Amino acid sequence: MPESHIDLAFHAVIWEPAAYRHGDLAEAAALGVGSVKLWLAYIELGIMADDDVALAVMQEAAELGVVVLAHCENGRAVDLLTRQRVAAGELGLASLPASRPIELEAECVHRFLVLAGLAGATPYVVHVTGEAPLDEIRAARRRGQTVHA
């Protein structure tokens with residue numbers, strides 16, 4: 001954006017994970033995009049990247065020096081718990097902790113960081129909503145992994 005009068009940055013997104021193919025990030029990186037975002041939840045929206053796609057994206061990102069951002073919740077477990085709450089008629093805000101327990105965020109943060117480490121990618125956890133997910137980030141940092149959050 002040569003005409004911009006402010007500092008700004010864009011990140012790519014993997015909006016259709018089933019359509020991702022190795023090489024998809026290269027064009028964005030060539031334009032100066034330095035990060036890509038994954039959703040590890042929201043299966044009902046079709047945007048959730050399963051572990052195989054997430055790892056492949058992270059491998060390509062590592063090749064290109066692109067930071068990988070992730071929304072970390074165990075999407076499949078959250079989907080089941082949400083469907084159970086809906087079936088029970090529990091549709092209000094009070095049902096949110098039962099359908100999205102903090103343990104599933106912590107588990108997903110851990111899994112994201114392990115996969116990023118295997119890929120050699122630089123991870124960025126975009127939403128940290130409690131102590132347990134933060135503990136996973138702290139543990140990874142203690143092991144020497146660079147983690148942004």
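Which residues make the nonpolar surface patch of about 320 Å²? In this predicted model, the patch is made by Ile6, Leu8 and Phe10. Of these residues, Ile6 is placed in the segment before β1, a strand that spans residues 12–13. Ile6 counts as exposed because its relative accessible area is 61%, and the cut-off for that class is over 50%.

The sheet that follows in the chain is open and consists of 4 strands, arranged in the order β1-β2-β3-β4 with parallel pairing. Strands β1 and β4, the latter comprising residues 123–125, stand at the edges with a single partner strand each, and one side of each is therefore left without a neighbour in the sheet. Strand β3, made up of residues 67–71, is joined to β4 by 3 bridges, and the two strands run parallel. Within β4, Val125 is the residue that stands opposite Ala70. The pairing of β2 with β3 is likewise in the parallel sense and extends over 5 bridges, and Lys37 has Leu69 of β3 as its bridge partner. Strand β3 is mostly covered, with 4 of its 5 residues buried. Helix α2, which covers residues 51–64, lies across β2 (35–39) and β3, and the helix runs at about 175 degrees to β2.

Two loops that follow strands of this sheet hold residues with individual features. The loop between β1 and α1, the latter being the helix at residues 24–30, contains Ala18, which is classed as exposed because its relative accessible area is 70%. The C-alpha atoms of Ala18 and Arg100 are separated by 24 Å, the two residues being 82 positions apart along the chain. In the loop between β2 and α2 lies Tyr42, whose phi angle is near 70 degrees, a positive value in a residue other than glycine. The relative accessible area of Tyr42 is 24%, so this residue is partly exposed.

Salt bridges number 8 in the model. One of them is formed between Arg76 and Asp50, with the closest N and O atoms 2.9 Å apart. This pair links distant parts of the chain, since Arg76 belongs to helix α3 (residues 75–87) whereas Asp50 lies in the loop between β2 and α2, at a separation of 26 residues. Both partners fall in the partly exposed class, Arg76 because its relative accessibility is 48% and Asp50 because its relative accessible area is 30%.

A further salt bridge brings together the side chains of Arg100 and Glu73, with an N to O distance of 2.8 Å. Arg100 is located in the loop between α4 (96–99) and α5 (102–119), while Glu73 is located in the loop between β3 and α3, so the pair ties together parts of the chain that are 27 residues apart in sequence. The partners are assigned to separate accessibility classes: Arg100 counts as partly exposed at 23% relative accessibility, whereas Glu73, at 10%, counts as buried, because the cut-off for burial is under 20%.

Within helix α5, a salt bridge is formed by Arg111 and Glu107, whose closest N and O atoms are 2.8 Å apart. Because these two residues are 4 positions apart in the helix, they are separated by about one helical turn. Glu107 is partly exposed, as its relative accessible area of 30% indicates. The pair also belongs to a network of salt bridges in which Asp51, Glu107 and Arg111 are linked.

The position of Arg111 can also be related to that of Ala132, a residue of helix α6, which comprises residues 131–142. The C-alpha atoms of Ala132 and Arg111 are 13 Å apart in space, and the two residues are 21 positions apart in sequence. Ala132 counts as partly exposed because its relative accessibility is 32%.

How values were computed:
Residues are numbered from 1 along each chain as its sequence is written. This is a predicted model: local features need pLDDT of at least 70, side-chain atom pairs count only at pLDDT 80 or more; totals for chains, interfaces and linings use all residues. Side-chain values use heavy atoms; hydrogens and water are left out. Patches are made of residues with over 30% relative accessible area and no salt bridge: like charges are joined within 9 Å, nonpolar side chains (Val, Leu, Ile, Met, Phe, Trp, Tyr) within 5 Å. Accessible areas come from the Shrake-Rupley method with a 1.4 Å probe; for residues, only the protein chains shown count as cover. A salt bridge is a side-chain nitrogen of Lys or Arg within 4 Å of a carboxyl oxygen of Asp or Glu. Buried means under 20% relative accessible area, exposed over 50%, partly exposed in between (1.4 Å probe, protein chains only). Two strands pair if DSSP finds at least two bridges between them. Contact means heavy atoms within 4.5 Å. Axes are lines fitted to C-alpha atoms, for helices over the stretch in contact, and angles run from 0 to 180 degrees between N-to-C directions.
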